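Here are my notes after going through the model you sent. Have it open while you read; the points are numbered so you can reply to each in turn.

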Amino acid sequence: MANVTVIGAQWGDEGKGKIVDWLSERADVVARFQGGHNAGHTLVVGDNVYKLSLLPSGIVRGTLSVIGNGVVLDPWHFRDEVAKLKGQGVMINPGNLQIAETCPLILPFHRDLDGLREDASGAGKIGTTRRGIGPAYEDKVGRRAIRVCDLAHLDDLGPQLDRLTAHHDALRAGFGEAPIDREALMAELRDIAGFILPFVQPVWLTLNKAKAEGKRILFEGAQGTLLDIDHGTYPFVTSSNTVAGTAASGTGLGPSGAGFVLGIVKAYTTRVGSGPFPTEQENNVGQRLGERGHEFGTVTGRKRRCGWFDAVLVRQSVAVSGVTGIALTKLDVLDGFETLKICTGYRIGDQTFDYLPAHAQDQAKAEAIYEDIEGWQDTTAGARSWADLPAQAIKYIRRIEELIGCPVTLVSTSPERDDTILVRDPFAD
Ligand code: IMP
């Protein structure tokens with residue numbers, strides 16, 4: 001079956017938007033399976049730039065797009081994002097966009113709690129997007145969430161609201177906040193329900209029918225494997241499983257549906273928010289990478305931290321996400337460096353490691369062990385074939401493949417969708 005699952009193999013912001021857009025032209029369905037509007041996917045189509053946070057990227061091209069049950073949905077943000085894209089001329093209607101009935105809702109007090117906790121955390125701050133993602137997932141797992149399907153049964157919400165408000169009012173009291181205004185919340189839910197409900201479907205069924213009809217499904221991951229709640233740099237992670245395996249549980253298609261797993265990998269490394277980052281360069285190199293790569297967050301506008309390519313972490317991501325091949329992005333940002341460095345291991349105290357140990361203190365102490373590789377002076381920007389690349393750039397790519405134990409499937413050399421070198425078509429497998 002020719003499905004493709006696209007995931008970030010670093011800390012997010014690897015350039016998934018362009019690759020998903022490029023693949024979505026040939027997909028019949030595009031599905032989001034985790035995260036929420038903490039994601040920021042930028043698509044450049046001709047002269048138009050589209051910034052998506054919650055909606056699957058396929059919507060820009062009119063491809064059937066579905067928001068799976070693994071996503072946490074802020075219904076007011078959904079309405080705003082739909083309006084913004086419609087304003088840019090994108091056609092959106094229940095015929096091309098579906099929301100799973102079982103998505104938990106992000107409510108206003110989730111957003112409040114995210115901010116209150118961050119403000120109270122001192123040095124333990126996670127650096128979240130403050131959009132309520134973590135608190136909404138907590139309520140899902142705590143079996144207190146209000147879900148999308150509840151919007152059709154608001155009159156029956158009483159007992160559920162009792163559980164939810166009992167929990168949150170206790171938390172809010174600890175922060176000196178007033179209890180939840182249940183009447184105001186119900187009024188807001190009644191107001192938004194009419195907009196959301198036409199899009200609501202049993203998405204698992206839509207996808208299983210599509211599978212039975214031999215349609216091509218593209219799963220669009222958000223964030224990156226190193227932000228995974230289990231496999232990432234805990235506690236400096238997001239609150240969902242970002243690994244490719246979640247495509248199954250986050251949509252209801254089953255594990256055999258994931259198909260070709262395409263890991264998106266930036267030719268260097270960036271991270272937004274707090275947490276360990278062994279190859280971070282808080283110097284001229286980091287500044288140059290940030291400026292050339294325009295490394296500012298799509299969602300929060302925060303400056304991204306920048307550093308050398310970390311082959312150890314990407315090898316780990318390739319393993320835990322079961323990556324079939326990688327898409328290497330932003331190679332042109334490395335143009336003009338005399339020497340490049342690639343991290344091949346870590347030193348922690350007097351021990352060396354070829355993986356990142358789990359404990360946060362070890363991760364914070366990990367010193368990168370580098371190998372140097374000669375840079376290139378010509379530009380790689382806009383290259384569309386291997387022949388357009390300087391020999392040293394090809395050597396850099398080959399070395400990355402060796403170190404991470406995974407082949408390069410495509411190389412992206414600018415935000416333009418056609419500036420791509422295709423080695424192997426993921427949909428053809
Ligand atoms: P949250 O997902 O808002 O709870 O944030 C948790 C961590 O994940 C923070 O370090 C965020 O900066 C990071 N994060 C969340 N979404 C993204 C993303 O789409 N790209 C990069 N980092 C993200």
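1. Start with Gln223: an N or O atom in its side chain sits 3.3 Å from a nitrogen atom of the ligand. Keep in mind for this and everything below that we're looking at a predicted model.

2. Two other side chains make polar contacts with ligand oxygens. For Thr238, an N or O atom of the side chain is 2.6 Å from an oxygen atom of the ligand. For Asn38, a polar side-chain atom lies 2.9 Å from a ligand oxygen. As for overall cover, the ligand on its own has 470 Å² of accessible area, and the protein covers 96% of that.

3. Who else is around the ligand? There are 16 residues in the shell, and the ones that come nearest are Asn38, Gly127, Thr129, Thr238 and Arg302. By type, the shell splits into eight polar, six nonpolar and two charged residues.

4. On to the sheet. It's open, has ten strands with mixed pairing, and runs in the order 7-6-5-2-8-1-9-13-17-18. Strand 7 (200–201) and strand 18 (420–422) are the edges, each pairing on one side only. Strand 1 (residues 4–8) pairs with strand 9 (residues 260–266) in the parallel sense, over five bridges. If you want a spot to zoom in on there, Ile7 stands opposite Gly263 of strand 9.

5. Thr233 deserves a look too. You'll find it in the loop between strand 8 (217–220) and helix 8 (246–249). Is Thr233 buried or exposed? Its relative accessibility is 1%, so it counts as buried, the cut-off being under 20%. Its side chain has a polar contact of 3.2 Å with the side chain of Arg271, and another of 3.3 Å with that of Trp11. Leaving out residues up to four places away in sequence, Thr233 touches Trp11, Leu226, Arg271, Pro276, Leu356 and Gln363.

6. Leu356 also turns up around Gln316, which belongs to helix 10 (residues 311–321). Again setting aside residues up to four places away in sequence, Gln316 touches Tyr355 and Leu356. A polar atom of the Gln316 side chain lies 2.9 Å from the backbone nitrogen of Leu356. Gln316 counts as partly exposed because its relative accessibility is 23%.

7. One last distance, in case you were wondering about Gln316 and Asp378: they're 62 residues apart in sequence, and their C-alpha atoms are 31 Å apart in space.

Note on methods: Residues are numbered from 1 along each chain as its sequence is written. This is a predicted model: local features need pLDDT of at least 70, side-chain atom pairs count only at pLDDT 80 or more; totals for chains, interfaces and linings use all residues. Side-chain values use heavy atoms; hydrogens and water are left out. A residue is near a molecule or strand if one of its heavy atoms lies within 4 Å of it. A polar contact is a pair of N or O atoms within 3.5 Å; within protein, one must be able to donate a hydrogen and the other to accept it, and residues adjacent in sequence count only if both atoms are side-chain atoms. Accessible areas come from the Shrake-Rupley method with a 1.4 Å probe; for residues, only the protein chains shown count as cover. Ala, Val, Leu, Ile, Met, Phe, Trp, Tyr, Cys and Pro count as nonpolar, Asp, Glu, Lys and Arg as charged, and the others, Gly among them, as polar. Two strands pair if DSSP finds at least two bridges between them. Helices (H or I, at least four residues) and strands (E, at least two) are DSSP runs, numbered from the N terminus. Buried means under 20% relative accessible area, exposed over 50%, partly exposed in between (1.4 Å probe, protein chains only). Contact means heavy atoms within 4.5 Å.
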